[in-house]
Amino acid sequence: MTDDEGNGQAVVQLSGVRKEYGESVALDGVSLEIHAGEAVAVMGPSGSGKSTLLSMVAGLDRPTSGSVVVHGEDLGTLNEKGLALYRRRRIGMIFQFFNLLDDLSALDNVALAAQLTGTSASHARKRALELFEELGIASRQNTYPAQLSGGERQRVAVARALMNRPAVLLADEPTGALDTRAGEQVMDLLLDLNQIGQTLLLVTHDQQLATRCASRLIEVVDGQVARERSLERTA
Ligand SMILES: Nc1ncnc2c1ncn2[C@@H]1O[C@H](COP(=O)(O)OP(=O)(O)OP(=O)(O)O)[C@@H](O)[C@H]1O
Ligand SMILES: [Mg+2]
(Lines give C-alpha, C1' and ligand atoms only; values in the text may rest on other atoms or scores of the structure.)
(Ligands and ions follow the chains in the order given, each with its own letter.)
Protein backbone atom coordinates (compact mmCIF):
# COMPACT_ATOMS: atom_id res chain seq x y z
CA MET A 1 0.00 0.00 0.00
CA THR A 2 1.37 3.36 -0.98
CA ASP A 3 0.38 6.88 -0.07
CA ASP A 4 -0.77 7.67 -3.57
CA GLU A 5 -3.02 4.64 -3.95
CA GLY A 6 -6.35 5.51 -5.56
CA ASN A 7 -4.86 7.84 -8.19
CA GLY A 8 -5.40 10.88 -5.99
CA GLN A 9 -9.11 11.02 -6.74
CA ALA A 10 -11.12 12.11 -3.70
CA VAL A 11 -14.30 10.09 -3.24
CA VAL A 12 -15.17 11.89 -0.01
CA GLN A 13 -14.19 15.45 0.76
CA LEU A 14 -15.18 17.24 3.96
CA SER A 15 -14.23 20.90 4.34
CA GLY A 16 -14.63 22.70 7.65
CA VAL A 17 -17.59 20.59 8.70
CA ARG A 18 -19.26 21.75 11.88
CA LYS A 19 -22.30 20.09 13.39
CA GLU A 20 -24.20 21.45 16.34
CA TYR A 21 -27.06 19.73 18.12
CA GLY A 22 -28.64 22.51 20.13
CA GLU A 23 -25.97 23.65 22.56
CA SER A 24 -23.60 20.77 21.91
CA VAL A 25 -20.99 20.77 19.18
CA ALA A 26 -20.61 17.28 17.72
CA LEU A 27 -18.16 18.22 14.96
CA ASP A 28 -15.94 21.25 15.17
CA GLY A 29 -14.32 22.02 11.84
CA VAL A 30 -13.49 18.65 10.30
CA SER A 31 -11.68 18.58 6.98
CA LEU A 32 -10.61 15.34 5.39
CA GLU A 33 -10.34 13.54 2.10
CA ILE A 34 -10.81 9.89 1.33
CA HIS A 35 -9.45 8.60 -1.93
CA ALA A 36 -10.78 5.88 -4.20
CA GLY A 37 -9.77 2.48 -2.88
CA GLU A 38 -8.73 3.65 0.57
CA ALA A 39 -9.85 2.01 3.80
CA VAL A 40 -9.99 4.64 6.51
CA ALA A 41 -10.67 3.84 10.15
CA VAL A 42 -12.04 6.47 12.51
CA MET A 43 -11.34 6.02 16.20
CA GLY A 44 -11.86 8.18 19.24
CA PRO A 45 -13.57 8.37 22.62
CA SER A 46 -17.30 7.89 23.08
CA GLY A 47 -19.14 11.08 22.16
CA SER A 48 -16.24 12.46 20.14
CA GLY A 49 -18.32 12.73 16.96
CA LYS A 50 -17.50 9.57 14.99
CA SER A 51 -21.08 8.56 14.19
CA THR A 52 -21.94 12.17 13.44
CA LEU A 53 -19.07 12.22 10.93
CA LEU A 54 -20.49 9.13 9.21
CA SER A 55 -23.99 10.61 9.14
CA MET A 56 -22.60 13.69 7.37
CA VAL A 57 -20.99 11.51 4.68
CA ALA A 58 -24.13 9.36 4.45
CA GLY A 59 -26.32 12.41 3.94
CA LEU A 60 -28.46 11.31 6.89
CA ASP A 61 -28.10 14.77 8.38
CA ARG A 62 -26.73 18.10 7.21
CA PRO A 63 -23.79 20.01 8.64
CA THR A 64 -24.44 23.29 10.42
CA SER A 65 -21.66 24.72 8.26
CA GLY A 66 -18.95 23.46 5.95
CA SER A 67 -19.28 21.23 2.92
CA VAL A 68 -19.47 17.54 2.14
CA VAL A 69 -18.69 16.38 -1.39
CA VAL A 70 -19.02 12.70 -2.28
CA HIS A 71 -18.41 11.21 -5.70
CA GLY A 72 -18.34 14.74 -7.12
CA GLU A 73 -21.68 15.68 -5.61
CA ASP A 74 -21.91 18.59 -3.16
CA LEU A 75 -24.52 17.36 -0.70
CA GLY A 76 -25.34 20.92 0.30
CA THR A 77 -26.84 21.52 -3.14
CA LEU A 78 -29.27 18.59 -2.87
CA ASN A 79 -32.84 18.96 -1.66
CA GLU A 80 -34.39 16.27 0.55
CA LYS A 81 -35.40 14.13 -2.41
CA GLY A 82 -31.95 14.47 -3.96
CA LEU A 83 -30.37 13.52 -0.66
CA ALA A 84 -32.59 10.43 -0.37
CA LEU A 85 -31.56 9.36 -3.87
CA TYR A 86 -27.94 10.03 -3.03
CA ARG A 87 -28.19 7.79 0.05
CA ARG A 88 -29.71 4.97 -1.94
CA ARG A 89 -27.41 5.17 -4.92
CA ARG A 90 -24.02 6.21 -3.62
CA ILE A 91 -23.80 5.03 -0.05
CA GLY A 92 -23.79 1.63 1.58
CA MET A 93 -23.98 1.52 5.33
CA ILE A 94 -23.63 -1.14 7.99
CA PHE A 95 -24.31 -0.74 11.70
CA GLN A 96 -23.51 -2.43 14.98
CA PHE A 97 -27.01 -3.93 15.25
CA PHE A 98 -27.46 -4.81 11.56
CA ASN A 99 -30.78 -2.93 11.11
CA LEU A 100 -32.39 -5.68 9.06
CA LEU A 101 -36.16 -5.84 8.59
CA ASP A 102 -37.49 -8.74 10.68
CA ASP A 103 -40.46 -9.45 8.42
CA LEU A 104 -38.41 -10.00 5.28
CA SER A 105 -36.22 -12.97 4.40
CA ALA A 106 -32.48 -12.36 4.18
CA LEU A 107 -32.67 -12.21 0.37
CA ASP A 108 -35.63 -9.83 0.39
CA ASN A 109 -33.87 -7.52 2.84
CA VAL A 110 -31.06 -7.22 0.32
CA ALA A 111 -33.18 -7.11 -2.85
CA LEU A 112 -35.25 -4.30 -1.38
CA ALA A 113 -32.23 -1.98 -1.44
CA ALA A 114 -32.14 -2.17 -5.24
CA GLN A 115 -35.91 -2.10 -5.71
CA LEU A 116 -35.93 1.23 -3.87
CA THR A 117 -33.77 2.68 -6.63
CA GLY A 118 -36.18 1.46 -9.30
CA THR A 119 -34.56 -1.86 -10.22
CA SER A 120 -37.09 -4.57 -11.10
CA ALA A 121 -37.78 -7.24 -8.49
CA SER A 122 -36.30 -9.98 -10.65
CA HIS A 123 -33.08 -8.08 -11.33
CA ALA A 124 -32.82 -7.14 -7.68
CA ARG A 125 -33.17 -10.76 -6.57
CA LYS A 126 -30.62 -11.89 -9.13
CA ARG A 127 -28.06 -9.34 -7.96
CA ALA A 128 -28.83 -10.14 -4.32
CA LEU A 129 -28.25 -13.83 -4.94
CA GLU A 130 -24.90 -13.11 -6.61
CA LEU A 131 -23.84 -11.19 -3.52
CA PHE A 132 -25.06 -13.96 -1.22
CA GLU A 133 -22.89 -16.39 -3.14
CA GLU A 134 -19.87 -14.08 -2.99
CA LEU A 135 -20.34 -13.55 0.73
CA GLY A 136 -20.84 -17.24 1.51
CA ILE A 137 -24.43 -16.98 2.74
CA ALA A 138 -26.36 -18.36 -0.26
CA SER A 139 -27.76 -21.20 1.84
CA ARG A 140 -29.34 -18.63 4.18
CA GLN A 141 -31.23 -16.67 1.52
CA ASN A 142 -34.73 -17.70 2.66
CA THR A 143 -34.01 -17.41 6.37
CA TYR A 144 -35.48 -14.58 8.45
CA PRO A 145 -33.11 -12.39 10.46
CA ALA A 146 -34.22 -13.83 13.81
CA GLN A 147 -32.96 -17.27 12.73
CA LEU A 148 -29.53 -16.02 11.61
CA SER A 149 -26.40 -15.81 13.74
CA GLY A 150 -24.95 -12.36 14.40
CA GLY A 151 -22.17 -12.91 11.89
CA GLU A 152 -24.68 -14.03 9.25
CA ARG A 153 -26.85 -11.02 9.94
CA GLN A 154 -23.90 -8.72 9.44
CA ARG A 155 -23.01 -10.44 6.18
CA VAL A 156 -26.59 -9.94 5.00
CA ALA A 157 -26.26 -6.29 6.00
CA VAL A 158 -23.00 -6.07 4.02
CA ALA A 159 -24.75 -7.59 0.99
CA ARG A 160 -27.51 -5.03 1.33
CA ALA A 161 -24.97 -2.22 1.58
CA LEU A 162 -23.23 -3.41 -1.59
CA MET A 163 -26.38 -3.84 -3.70
CA ASN A 164 -26.15 -0.50 -5.44
CA ARG A 165 -22.36 -0.56 -5.83
CA PRO A 166 -21.77 2.34 -3.44
CA ALA A 167 -18.99 4.86 -3.96
CA VAL A 168 -18.16 4.35 -0.31
CA LEU A 169 -19.12 1.71 2.24
CA LEU A 170 -19.68 3.22 5.68
CA ALA A 171 -19.46 1.03 8.75
CA ASP A 172 -20.28 2.13 12.30
CA GLU A 173 -18.93 -0.37 14.84
CA PRO A 174 -19.67 -3.31 12.53
CA THR A 175 -18.20 -5.90 14.90
CA GLY A 176 -19.43 -4.29 18.11
CA ALA A 177 -22.22 -6.80 18.66
CA LEU A 178 -20.35 -9.90 17.48
CA ASP A 179 -18.29 -12.49 19.28
CA THR A 180 -14.59 -12.66 18.46
CA ARG A 181 -14.84 -15.25 15.72
CA ALA A 182 -17.81 -13.68 13.93
CA GLY A 183 -16.14 -10.28 14.33
CA GLU A 184 -12.99 -11.58 12.67
CA GLN A 185 -15.00 -12.99 9.78
CA VAL A 186 -16.65 -9.63 9.22
CA MET A 187 -13.24 -7.93 9.42
CA ASP A 188 -11.88 -10.30 6.80
CA LEU A 189 -14.88 -9.65 4.61
CA LEU A 190 -14.34 -5.89 4.80
CA LEU A 191 -10.67 -6.37 4.05
CA ASP A 192 -11.49 -8.54 1.02
CA LEU A 193 -13.93 -5.94 -0.25
CA ASN A 194 -11.35 -3.21 0.08
CA GLN A 195 -8.77 -5.33 -1.70
CA ILE A 196 -11.07 -5.59 -4.70
CA GLY A 197 -11.39 -1.81 -4.72
CA GLN A 198 -14.25 -0.91 -2.38
CA THR A 199 -13.62 2.41 -0.63
CA LEU A 200 -14.27 2.01 3.08
CA LEU A 201 -14.89 4.39 5.98
CA LEU A 202 -15.07 2.51 9.21
CA VAL A 203 -15.78 3.66 12.76
CA THR A 204 -14.47 1.34 15.42
CA HIS A 205 -13.36 1.12 19.03
CA ASP A 206 -11.40 -1.95 18.08
CA GLN A 207 -7.71 -1.31 17.41
CA GLN A 208 -7.37 -4.79 15.93
CA LEU A 209 -10.14 -4.15 13.44
CA ALA A 210 -8.57 -0.84 12.49
CA THR A 211 -5.11 -2.26 11.91
CA ARG A 212 -6.45 -5.31 10.10
CA CYS A 213 -8.73 -3.50 7.66
CA ALA A 214 -7.56 0.07 7.33
CA SER A 215 -4.78 1.76 5.45
CA ARG A 216 -5.21 5.01 7.36
CA LEU A 217 -6.36 5.89 10.84
CA ILE A 218 -8.07 9.13 11.82
CA GLU A 219 -8.46 9.94 15.49
CA VAL A 220 -11.35 12.19 16.41
CA VAL A 221 -11.36 13.96 19.78
CA ASP A 222 -13.98 16.52 20.82
CA GLY A 223 -15.30 16.81 17.29
CA GLN A 224 -11.93 17.49 15.73
CA VAL A 225 -9.39 15.42 13.84
CA ALA A 226 -6.70 15.10 16.50
CA ARG A 227 -4.31 12.79 14.67
CA GLU A 228 -3.98 10.96 11.41
CA ARG A 229 -1.56 8.27 10.35
CA SER A 230 -0.99 5.57 7.78
CA LEU A 231 -1.20 1.98 8.95
CA GLU A 232 0.75 -1.06 7.98
CA ARG A 233 -1.93 -3.67 7.64
CA THR A 234 -1.40 -6.72 9.81
CA ALA A 235 -3.51 -9.08 7.70
N1 LIG B 1 -29.20 13.43 17.08
C2 LIG B 1 -28.52 14.02 18.08
N3 LIG B 1 -29.12 14.93 18.87
C4 LIG B 1 -28.44 15.54 19.85
N5 LIG B 1 -27.15 15.32 20.14
C6 LIG B 1 -26.50 14.43 19.40
C7 LIG B 1 -27.15 13.73 18.32
N8 LIG B 1 -26.23 12.91 17.74
C9 LIG B 1 -25.09 13.08 18.43
N10 LIG B 1 -25.24 13.99 19.41
C11 LIG B 1 -24.20 14.45 20.32
O12 LIG B 1 -23.06 14.73 19.56
C13 LIG B 1 -21.88 14.26 20.19
C14 LIG B 1 -21.16 13.27 19.29
O15 LIG B 1 -21.97 12.10 19.17
P16 LIG B 1 -21.58 10.86 18.28
O17 LIG B 1 -22.74 9.93 18.35
O18 LIG B 1 -21.16 11.33 16.94
O19 LIG B 1 -20.33 10.28 19.05
P20 LIG B 1 -19.52 8.93 18.81
O21 LIG B 1 -18.08 9.30 18.69
O22 LIG B 1 -20.12 8.17 17.69
O23 LIG B 1 -19.75 8.16 20.19
P24 LIG B 1 -19.84 6.58 20.48
O25 LIG B 1 -18.42 6.06 20.43
O26 LIG B 1 -20.39 6.50 21.85
O27 LIG B 1 -20.72 5.95 19.45
C28 LIG B 1 -22.30 13.69 21.52
O29 LIG B 1 -22.15 14.68 22.49
C30 LIG B 1 -23.76 13.36 21.29
O31 LIG B 1 -24.48 13.43 22.49
MG1 LIG C 1 -21.07 6.33 17.56
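**Notebook: ligand 1 and three residues**

I began at the ligand and looked up serine 51, where a polar backbone atom is 2.9 Å from an oxygen atom of ligand 1. I note that the model is predicted. I then asked how much of ligand 1 the protein covers. The protein covers 57% of the 630 Å² of accessible area that ligand 1 has on its own.

I checked two further polar pairs at the ligand. Glycine 47 also offers a polar backbone atom, and I read 2.8 Å from this atom to an oxygen atom of ligand 1. At threonine 52 the partner is an N or O atom of the side chain, with an oxygen atom of ligand 1 at 2.5 Å.

Next I listed the shell. Around ligand 1 I found Tyr21, Ala26, Pro45, Ser46, Gly47, Ser48, Gly49, Lys50, Ser51, Thr52 and His205. I sorted the shell residues by class and got seven polar, three nonpolar and one charged. Which element supplies the largest share of this shell? Helix α1, residues 50–58, does, with three residues.

**The chain as a whole**

I turned to the fold and counted seven helices and ten strands in the chain. The radius of gyration came out at 17 Å, close to the 18 Å that the globule rule gives for 235 residues, so I recorded the chain as being as compact as a globular protein of that length. Along the principal axes, the C-alpha atoms fill a box of roughly 45 × 40 × 35 Å.

I looked up burial and surface next. Of the 235 residues, 50% count as buried. The chain exposes about 10,900 Å², and carbon and sulfur atoms supply 46% of that area. I also took the contacts in the chain with a separation of 6 or more; residues 24 or more positions apart account for 67% of them.

**Threonine 204**

I located threonine 204 in the loop between β8 (200–203) and α7 (207–213). Is threonine 204 buried or exposed? I entered it as buried, because its relative accessible area is 0% and the cut-off for buried is under 20%. Leaving out residues up to four places away in sequence, I found that threonine 204 touches Val42, Met43, Glu173, Leu209 and Ala210. A polar atom of the threonine 204 side chain lies 2.7 Å from the backbone nitrogen of aspartate 206.

**Histidine 35**

I placed histidine 35 in strand β2, residues 24–35. Its relative accessibility is 18%, so I counted histidine 35 as buried. I then looked for a polar contact of the histidine 35 side chain and found one with the side chain of glutamate 33, at 3.3 Å. I also read a C-alpha to C-alpha distance from histidine 35 to glutamate 219: these residues are 184 apart in sequence and 17 Å apart in space.

**Glycine 82**

My last entry is glycine 82, which sits in helix α2, residues 80–90. I found a relative accessible area of 19%, so glycine 82 goes down as buried. For a distance across the chain I took methionine 163, 81 residues from glycine 82 along the sequence, and the two C-alpha atoms are separated by 19 Å.

Notes: Residues are numbered from 1 along each chain as its sequence is written. Chains are lettered from A and ligands numbered from 1 in the order in which they are written. This is a predicted model: local features need pLDDT of at least 70, side-chain atom pairs count only at pLDDT 80 or more; totals for chains, interfaces and linings use all residues. Side-chain values use heavy atoms; hydrogens and water are left out. A residue is near a molecule or strand if one of its heavy atoms lies within 4 Å of it. A polar contact is a pair of N or O atoms within 3.5 Å; within protein, one must be able to donate a hydrogen and the other to accept it, and residues adjacent in sequence count only if both atoms are side-chain atoms. Accessible areas come from the Shrake-Rupley method with a 1.4 Å probe; for residues, only the protein chains shown count as cover. Helices (H or I, at least four residues) and strands (E, at least two) are DSSP runs, numbered from the N terminus. Ala, Val, Leu, Ile, Met, Phe, Trp, Tyr, Cys and Pro count as nonpolar, Asp, Glu, Lys and Arg as charged, and the others, Gly among them, as polar. The radius of gyration is taken over C-alpha atoms; the globule rule is 2.2 Å times the number of residues to the power 0.38. Buried means under 20% relative accessible area, exposed over 50%, partly exposed in between (1.4 Å probe, protein chains only). Contact means heavy atoms within 4.5 Å.
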